[in-house]
Amino acid sequence: MSIHYDEKTRQLILETRNTCYQMRIDETRYLKHLYYGPKLGQTDMTYPFRIYDRGFSGNPYDMQDNRAYSLDSMPQEYTSYGVGDFRINTITASYSDGSRCAEYRYVSHEITEGKYRIPGLPSVYDNGDNVHTLTVTLADTASNISVRLYYGVFEDLDIITRTAEIINGGDETVWLRKAASVCLELPFGKWDMIHFHGRHCMERQPERVPLFHGIHTISSGRGMSSHQHNPFIVLCDRKATEDSGSCYGMMMMYSGNHKTEVELDQFDGVRAVMGLNDERFRWELMPGTSFHTPEVILTYAEGLTRMSHNYHRVINNNVVRGEYKLSHRPILVNNWEATYFDFNEEKLVEIAAKAAELGMELFVLDDGWFRNRNDDKAGLGDWTPDTQKLPDGLGRLIRKINALGLKFGLWIEPEMVSENSDLYRRHPDWALTAPGRAPMMARNQLVLDMSRKDVRDYLFDAISEILKNNNIDYIKWDFNRPLSDVYSNSTPAEKQGEVPHRYYLGFYELYERLTDAFPHVLFEGCAGGGGRFDAGVLYYSPQIWCSDNTDPISRLRIQYGTSFGYPQTTVAAHVSASPNHQTGRRTPLSTRAVTAMTGAFGYELDLTKLSEEECDEIKAQIKRYKEVEDVIRDGDFYRLSDLEDSSRFVCWEHVSRDKSRCMVSIVVTDPLANAATVHVKLKGLDPEALYSVGGEFECLGSALMENGYTFMQLLGDYPALQLDICRVK
Ligand code: GLA
């Protein structure tokens, strides 16, 4: 059993294969956080908390004689509010008398088999593997509010998930103003934070900063997990590297507004609180009801690589679902960068015919296939084919594409509506718009109110109709603007603060209904590229379009940042044209393929314009991808270069689980005359095994890992190479 309760010390202990998490119900029944980190063989971690005077920090009423006891310095599992802990807090509620104070003290706990689920929200699931749940109930007696803290302990994966349920046990309505999912405390040590910021076309750029005294905030209020701040952070010790040092990951499984606050306090303790963004949040908690917060996935590991591996495993095995979970993903061609809105059936079939000849497996028809969609000014919401471009609708096109031996995929943007659409003309009140105001426009479109059931039913019917009547294997679900003017026409004034979260409850409900009704369809998430790249979306779509920037050199950094939290299988990456449409940069076809081959692989360019040599090269790339796909998909991923190296080169490695096969990929971004070599140390091999290196020589795994490998003569325009290493003995 991975969860124990020690009666004598009143400690609750969670254990995974390599980590341990401890809390204690203290003498005043506050739930004190004691420890999270490597398993150390010692079970009682109360000893570092020596008692000393806390000066200007006050004491709870029942501990007023003990100046050493203060909530303001005590590490806690979930905070109280307004009663003497002046650091960042997890929960704020206001009551009918106008007060807001709350003291959450321990009431009971329960240990159960398996993993808890969260009603209406995506969460990590168990596969009947070694998973247990701890539920601890805390309560504030004066307000009759209780908080149930859930801990899902995935013993084999070194993962602990957390969520909180807030329950109104009183007989008056309570207004929740903040309800975070988790509070993680690191009372000792010196820490850096790594977070993943960005913008459209430059998502998930890692930034590592030492914590300063004060509060760091990483958040999105854009109604999407966002290009700007991914809901994922790492806290690592100052000296942590890929291979060593304490690393804590906190990843929120949520696609809407989020907020992470990390405070380095007066006593040098660190408190990290992650959850819904409270700025746009106000929830009416009626008597007898409860509110569930989204899930946060925690891990601890030595070194950033292991931390990433923990996330890669849990996402691949316990987040992603469905038929494509761990199986071959079709190599696709997408027509967006080939044609944009300017196509007809003939042009599409020409591209598809070329794709089939080159060995591709799926043709994706992107934006522009529905009525009035000749640019981005009209059409969203009216999901019926444009008979000018497709005279016989989707049916004949799909038949032609299937006849070429290809599967067919389709782009949709369900949550959006154009002002110039029949849907908007019929239901202007379905769009999020604030009374008396002209809404902000983005890409000429408005956002449908996903908190409304009638909107969701319309979308379910419209999308089901398309999927039922056509042989469609793949859907790219796009989302191309942030949420502004967030006001629901079907919600009373006092409940408008619930709309941002109810939007996502609606989004998840619709996604669940569709994936349930069409289990054979592979869904790919997208939001202006990677603006909604999060574990919430991955619960429904096994892969996400990583960025609208398809320049392989920009992608190196985007995919590098993405790899800290998300596995390669989830990263959709395509070979596109050169010069690149976003940056104008010219790169070799081989470099574009090496970069795209790190994820869910595909092409996005006009294949009919390729030379014969380029066609031959693409055939060889596809053959190669099919040979190495299982290592990319099922193996372990290692970053062999770091951000400092990336001005010169980026190098990464995939190693099969049994360590018998390894593929090292390198792209040189700044070839140096008279120093055209790159030396890297390999990782993850069997030190005692003999490997054949690129078919050139044989060498022990230990040598490749300790003494490294030298890539020679990497000159030219962004040269790239893949090196195969195979165990011979
Ligand atoms: C977004 C997507 C692109 C493409 C366009 C179509 O920007 O990220 O891949 O589908 O929309 O409008």
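1. The largest nonpolar core of this predicted model is a good place to start your look at the structure. This core holds 178 residues, and the members that touch the most others are I166, L365 and W369. Helix α7, residues 499-517, supplies its largest share, with eight residues.

2. Where does this core lie with respect to domain 1 and domain 2? Domain 1 (3-318) and domain 2 (332-634) each contribute residues to the core, so it sits between them.

3. L365 deserves a closer look on your screen, as one of the residues that touch the most other core members. Setting aside neighbours within four places in sequence, L365 is in contact with N335, F343 and L348. The list continues with L390, L394 and L397, and then with the run F408, G409, L410 and W411.

4. Please don't overlook the second core, which is separate and has 24 residues. Among them are F649, L685, A689 and L704.

5. Now to the ligand. There are 13 residues around the ligand, and those that come nearest are D366, D367, R443, K476 and D548.

6. Three polar approaches to the ligand are worth displaying. In the side chain of R443, an N or O atom is 2.8 Å from an oxygen atom of the ligand. K476 likewise places a polar side-chain atom 2.8 Å from a ligand oxygen atom. With G529 it is a polar backbone atom that is 2.8 Å from an oxygen atom of the ligand.

7. How much of the ligand's exposed area does the protein bury? Taken alone, the ligand exposes 300 Å², and 96% of that is buried by the protein.

Technical notes: Residues numbered from 1 in each chain as written. Predicted model: local features only at pLDDT ≥ 70, side-chain atom pairs only at ≥ 80, totals over all residues. Heavy atoms only, no water. Core = buried A, V, L, I, M, F, W, Y, C linked by side-chain atoms within 4.5 Å. Buried < 20%, exposed > 50% of the residue type's maximum accessible area, 1.4 Å probe, protein only. Helix = DSSP H or I, 4+ residues; strand = E, 2+ residues; numbered from the N terminus. Domains from an automatic or database assignment. Contact = heavy atoms within 4.5 Å. Near = heavy atom within 4 Å. Polar contact = N/O pair within 3.5 Å; in protein donor to acceptor, adjacent residues only side chain to side chain. Areas by Shrake-Rupley, 256 points an atom, 1.4 Å probe, with all protein chains shown as cover.
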